[in-house]
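Here are my notes for your first reading of this model. Please keep the structure open beside them and find each residue as it comes up.

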Amino acid sequence: MCFSPCSADYVRKHSPLILTDSVAGVQQRALRHRNFNDFAADVNASALPQWVFITPNLVNDAHDSTIDYTSSWLEYFLVPLLQNPNFVGNSSLVLLTFDETETYSVNNRVYTLLLGSALPTSLVGQNDPTYYTHCSTLSTVEANWGLGSLGRCDTNKTLANVFDFVANKTGYVK
């Protein structure tokens, strides 16, 4: 089974930041978008930036395949990554998110796993009942690096809960 990322299996929505004018319209920012192969090279060279957004292609993310295929891809990609000292040694956090149901007649439930060395050991294997959304991910990134708000869903305290362990570490108040 081949898991190499095929550029034909990627679509523009896989890189949400490049869809914004403040990135696409600024050459210095646009050039920071790199392909999946560059990620492996950066890990091996201990040259990862502080924040990386990775989206699997349509096959590896289970949109155009099965959950079994995606599970195999995750075992191929993610398991070795989480054992690589060049990755986990930097207080790394992986948010693995499955964000869609099979039908629109059922409320969408976003399933997310937090993995990596940044996750406190007391939270490993725990289930957090807090209501989180995709906006929570954005608010958590903003809180982690002391960034300002974009003034969108990240300002809504109901939709944009910061992950508790990050809020506790940064002093973020809900």
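The points below go through the cores, two helices, one buried acidic residue and two loop residues.

1. Status of the model. This is a predicted model, and the remarks that follow should be read with that in mind.

2. The main core. Start with the largest nonpolar core, which has twelve residues. Four aromatic members are Phe36, Phe39, Phe77 and Phe87, and Trp73 also belongs to it. The rest are Val43, Leu74, Leu78, Leu81, Val88, Val94 and Leu96. The elements that supply two or more residues each are α3 (36-44), α4 (67-82), α5 (85-88) and β1 (94-98). Of these, α4 contributes the most, with five residues. As background, nonpolar side chains in soluble globular proteins tend to be buried together.

3. Phe77 and a second core. Which residues does Phe77 touch, leaving aside its neighbours within four places in sequence? Phe77 is in contact with Phe36, Phe39 and Ile54. Apart from the largest core there is another, of eight residues, including Leu119, Phe163, Phe165 and Ala167.

4. The two sides of α3. Phe36, Phe39, Asp42 and Val43 are the buried residues to look for in α3. They sit on the same side of the helix, because they cover an arc of only 105 degrees around its axis. The general rule is that an α-helix has 3.6 residues a turn, so residues three or four places apart point the same way. On the other side of α3, Asn37 and Asn44 are exposed. The buried residues of α3 pack against α4 and α5.

5. Two loop residues with positive phi. Ser46 follows α3 and is found in the loop between α3 and α4. Its phi is near 50 degrees, a positive value in a residue other than glycine. Ala62 is in the loop between α3 and α4, and its phi, also positive in a residue other than glycine, is near 80 degrees. Are these residues buried or exposed? Ser46 is partly exposed, with a relative accessible area of 48%. Ala62 also counts as partly exposed, at 23% relative accessibility.

6. Helix α6. At the start of α6, a side-chain oxygen of Thr133 comes to within 3.0 Å of the backbone nitrogen of Cys135. The buried residues of this helix are Cys135, Ser136, Ser139, Thr140, Val141, Glu142 and Ala143. Part of their cover comes from α7. Just after α6, Gly146 has a positive phi of about 65 degrees.

7. Asp154. This residue lies in the loop between α6 (134-144) and α7 (164-170). What is the nearest side chain of opposite charge to Asp154, and how far away is it? It is Arg152, at 7.1 Å, and Asp154 has no salt bridge although it is buried. The side chain of Asp154 does reach the backbone nitrogen of Gly151, at 3.4 Å. Not counting residues up to four places away in sequence, Asp154 touches Leu138, Ser139, Glu142, Ser149 and Ala160. Two of these contacts, Ser139 and Glu142, are also among the buried residues of α6.

Technical notes
Residues numbered from 1 in each chain as written. Predicted model: local features only at pLDDT ≥ 70, side-chain atom pairs only at ≥ 80, totals over all residues. Heavy atoms only, no water. Helix = DSSP H or I, 4+ residues; strand = E, 2+ residues; numbered from the N terminus. Buried < 20%, exposed > 50% of the residue type's maximum accessible area, 1.4 Å probe, protein only. Lys, Arg positive; Asp, Glu negative; His and termini not counted. Salt bridge = Lys/Arg side-chain N within 4 Å of Asp/Glu carboxyl O. Polar contact = N/O pair within 3.5 Å; in protein donor to acceptor, adjacent residues only side chain to side chain. Contact = heavy atoms within 4.5 Å. Core = buried A, V, L, I, M, F, W, Y, C linked by side-chain atoms within 4.5 Å. Arc of directions from axis to C-beta.
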